[in-house]
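Colleague: Hi! Could you walk me through the rings and the nonpolar packing here?
Modeller: Happy to, let's have a look together.

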Amino acid sequence: MRLDLIFDYNGLVNQGATCYLNSVLQVLFMTKDFREAVESHCGQDQKTADFHLKSLFKTLKTSETHTKDILSILGIGNVYEQRDAAEYFENILSMVSPCVSKIFKGHLRHTMRCSEGHVTNDETGPFWTLPLSMENPSNSNKTYSVREGFEEFFKSSTVGGMYCDQCNEKTDSTIACKMEHPPEILTLLLKRFEFDYRRMSYVKNDCCVDVPHTLRTKDCDYELYAVVDHVGSLRGGHYTAKIKSYQNHNWYVFDDSYVTQVCFLVN
């Protein structure tokens, strides 16, 4: 793999330690349906996230730009404090108009049944991201499989001591989860930071990750087009984004002000 400096796309200025936000904004900018929704449905109210995203995207098409207005509307005062990219991805989607963010929204259905098959709880709720646990890498080489992690997320689990009104007693219950309404664009969050009770602190799992180019689900197939990467620890590090262009189908690395094309070399 070789990186070549290109000028097809433009970068975002790091205002201090705002690489987490820059990476997320570049993913949203490079998402065709999201960008078009921002440009076509945005009003003139300067107090909305839609308005400032439209302004940012317009400038980003032709030149490098800053994110001061986006930082302000997100309530980020300390630009030297590194924050979580996934958190601000969800914050932005929650703040823009529903017609803009709807392509990222899905719905999960959680159902609980007692040992006799009675439904004791049935809830459906929206989600922006699916958090995949990385506690147990899938093989001896400590390589985590996203495909297996996705399947594990939807596996049923059993809990004891749950009360059932129809049985009038506590029984073992089975909890099942399924995607009631799959999103057009599925976002997976790899939970690399887990709490270590021996150290009494969060520790990052730095194992290798096997990411499929196509994730097949019961309802549809998802093709990989963007990855937000983090290097470093919980206390400090750096975010970048690798994104496939929908215009020329090339992959690019977005590293704040720098944009490089990824050239894959085949022996």
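Modeller: Rings of Phe, Tyr and Trp (its six-membered ring) pair if their centres lie within 6.5 Å; planes under 30 degrees apart are stacked, over 60 edge-to-face, and the rest tilted. This is a predicted model, where local features need pLDDT of at least 70 and side-chain atom pairs pLDDT 80 or more, while totals for chains, interfaces and linings use all residues. Residues are numbered from 1 along each chain, and side-chain values use heavy atoms, without hydrogens and water.
Colleague: How many aromatic pairs does the structure hold?
Modeller: There are nine. In one of them, Y9 and F254 have ring centres 6.2 Å apart and planes at 55°, so that pair is tilted.
Colleague: Are Y9 and F254 buried or exposed?
Modeller: Both are buried, meaning under 20% relative accessible area (exposed is over 50%, partly exposed in between; 1.4 Å probe, protein chains only).
Colleague: And what about F150 and F154?
Modeller: Their pair is edge-to-face, with 5.1 Å between centres and 65° between planes. F150 is buried, at 7% relative accessible area.
Colleague: New topic: which residues touch the most other members of the largest nonpolar core?
Modeller: L21, L28, F34, L53, I92 and F104, out of 43 residues. Such a core is a set of buried Ala, Val, Leu, Ile, Met, Phe, Trp, Tyr and Cys residues joined through side-chain atoms within 4.5 Å.
Colleague: Is there a second core, and what does it include?
Modeller: A separate core of ten residues includes L108, F127, C177 and L215.
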